[in-house]
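Colleague: I've got a chain open on my screen and I'd like to learn how to read it. Walk me through it, please.

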Amino acid sequence: MAISNIAKMPLGPIDLNKMVIDDIGDVLITNDGATILQQLEVEHPPACVHVNLAQLQDQEVGDGTTSVGIIALIG
């Protein structure tokens, strides 16, 4: 699945909680875009930049991680 599809999942009027299941079966339920992206094992360099942008936005501001990711994909 593309990072863009994952990043936009928690955005919009139907931003319901998402269930993320990791490779050992642990379940995480969240609607935070940065948390969802943190759980991914990303290897593609531009995708890594996208995940890092979301993490930096979360550290600096604490909100807007999904929006920053979407803007980065558009720009």
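**Reading the fold**

Modeller: Start with contacts (heavy atoms within 4.5 Å): of those in the chain between residues at least 6 apart in sequence, 35% join residues at least 24 apart. This is a predicted model, where local features need pLDDT of at least 70 and side-chain atom pairs count only at pLDDT 80 or more, while totals for chains, interfaces and linings use all residues. Residues are numbered from 1 along each chain as its sequence is written, and side-chain values use heavy atoms, with hydrogens and water left out.

Colleague: What is the mean pLDDT of the chain, and where is confidence lowest?

Modeller: pLDDT is the predictor's confidence in each residue, from 0 to 100. Where it is low, the predicted coordinates should not be read in detail. Here the mean is 75, and 72% of the residues reach 70 or more. Helix α1 (residues 3-8) is lowest, with a mean of 58, while β2 is highest at 87.

Colleague: In what order do the elements run?

Modeller: Helices (H or I, at least four residues) and strands (E, at least two) are DSSP runs, numbered from the N terminus. The chain has four helices and two strands, in the order α-β-β-α-α-α.

Colleague: How many bridges join β1 to β2?

Modeller: Strands pair if DSSP finds at least two bridges between them; these two are antiparallel, with four bridges. They make a hairpin with five residues in between, and Gly25 in the turn has a positive phi of about 95°. Across the pair, Val20 stands opposite Leu28 in β2.

Colleague: Which side chains of β1 are buried?

Modeller: Buried means under 20% relative accessible area, exposed over 50%, and partly exposed in between (1.4 Å probe, protein chains only). In β1 (residues 18-21), Lys18 and Val20 point to one face and are buried, while Met19 and Ile21 point to the other and are not. Over in β2 (residues 27-30), Thr30 is buried too, at 11% relative accessible area. Beyond its neighbours within four places in sequence, Thr30 contacts Asn17, Lys18, Thr35 and Ile36.

Colleague: And which residues of α3 are buried?

Modeller: Ala47, His50, Val51, Ala54 and Gln57. Down the axis of α3 they fall within an arc of 120° (taken from the directions from the axis to the C-beta atoms), so they line one face of the helix. Pro45, Gln59 and Glu60, on the other side, are exposed. Just after α3 comes Gly62, with a positive phi of about 90°.
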